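Reader: Could you take me closely through one part of this model, the nonpolar core and the helix packing around it, and state the cut-offs behind each term as you go?

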Amino acid sequence: TTGLSCFVSIGAPLLGHPSTDVCIIDMETRHLDSNNSYGQAFAHTQRLKLDGGRLAYLKMDSTWEGNVGHELRAIHDNRIVDLAIVAPAFPKMGRSVFNGQLLIRGKSDSQFLQEKLRHQGIQTLSHITTRQLEMTVEDLLDWVVSLHAQGTNTITCDATCDEELSTIALLIDKLESVHGLSVLPVGSAG
């Protein structure tokens, strides 16, 4: 048996639709200023939308470096997804999120994810806490659907362990399969 065929685009937007199963886009925005970061992400996602593609995952740095807020703003402006679920925790590398704050090996680094995203232009935000992750998936699903109906397009998530990340993954699956939403998971490499 063979794997999936893959095409990698680095830097410049795709031109045309490659005949592959998966297209990986490295938008190269991490070290750009806000306007260029937004512009690069907008061009990539506009091209993807025109080619009939679908975003499956947006990788961000587990220490929140880079321009993920500008990238998300471009994605939302292109109306390519209904909802982004941001869960950058990487517990095996000592990165967790508790009460919206980044913890590196259990110590606060004073960064709050929602503040960073708001600073980069994301305004319709909500947050899922570790306590809310203890709710039944059905109750959590109803709450998130309600938030989306009220205009929320980005939800950040606490996660301190792999089990909480699994709950978030199940939530994303149910939002898509039960409610028909196009959800973009945003997270670290882990």
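Author: What follows goes from the core to one of its strands, then to two helix pairs and an aromatic pair, and ends at a loop.

This is a predicted model, in which local features need pLDDT of at least 70 and side-chain atom pairs count only at pLDDT 80 or more, while totals for chains, interfaces and linings use all residues. Residues are numbered from 1 along each chain as its sequence is written, and side-chain values use heavy atoms, with hydrogens and water left out.

The largest nonpolar core holds 43 residues, of which Leu72, Ile85, Leu175 and Val186 touch the most other members. A nonpolar core here is a set of buried Ala, Val, Leu, Ile, Met, Phe, Trp, Tyr and Cys residues joined through side-chain atoms within 4.5 Å, where buried means under 20% relative accessible area, exposed over 50% and partly exposed in between, with a 1.4 Å probe and protein chains only. Strand β4, residues 83-87, gives the most to this core, with five residues; helices (H or I, at least four residues) and strands (E, at least two) are DSSP runs numbered from the N terminus. In soluble globular proteins, nonpolar side chains tend to be buried together.

Leu184, in strand β10 (residues 183-187), is buried because its relative accessible area is 0%. Leaving out residues up to four places away in sequence, Leu184 touches Leu55, Ala56, Tyr57, Leu58, Leu72, Ile75, Val81, Leu83, Ala84 and Ile85, contact meaning heavy atoms within 4.5 Å. Although Leu184 and Leu55 are 129 residues apart in sequence, their C-alpha atoms are 6.7 Å apart in space.

Leu175, beyond its neighbours within four places in sequence, is in contact with Leu83, Ile85, Leu141, Val144, Val145, Gly180, Leu181 and Val183. Leu175 also takes part in the contact between two helices, made by Val137, Leu140, Leu141, Val144 and Val145 of α4 and by Thr167, Leu170, Leu171, Lys174 and Leu175 of α5. The axes of α4 (residues 137-149) and α5 (residues 162-177) come within 10 Å and cross at roughly 60°, axes being lines fitted to C-alpha atoms, for helices over the stretch in contact, with angles from 0 to 180 degrees between N-to-C directions. That makes α4 oblique to α5, since angles under 35 degrees count as roughly parallel, over 145 as roughly antiparallel, 65 to 115 as roughly perpendicular and the rest as oblique.

The axes of α1 and helix α2 (residues 68-77) come within 8 Å and cross at roughly 40°, so that α1 is oblique to α2. Their contact is made by Ser34, Ser37, Tyr38, Ala41, Phe42 and Thr45 of α1 and by His70, Glu71, Arg73, Ala74, Ile75 and Asp77 of α2.

A search of the whole structure finds one aromatic pair, formed by Tyr38 and Phe42, which are stacked at 5.8 Å centre to centre with 25° between the planes. Rings of Phe, Tyr and Trp (its six-membered ring) pair if their centres lie within 6.5 Å, and planes under 30 degrees apart count as stacked, over 60 as edge-to-face and the rest as tilted. Because Tyr38 and Phe42 are four residues apart in helix α1 (residues 34-50), about one helical turn separates them. Tyr38 is buried at 19% relative accessible area, whereas Phe42 is partly exposed at 23%.

Lastly, Thr124 lies in the loop between α3 (113-119) and β8 (125-128) and is partly exposed at 35% relative accessibility. Thr124 touches Gly151, Thr152, Asn153 and Thr154, not counting residues up to four places away in sequence.
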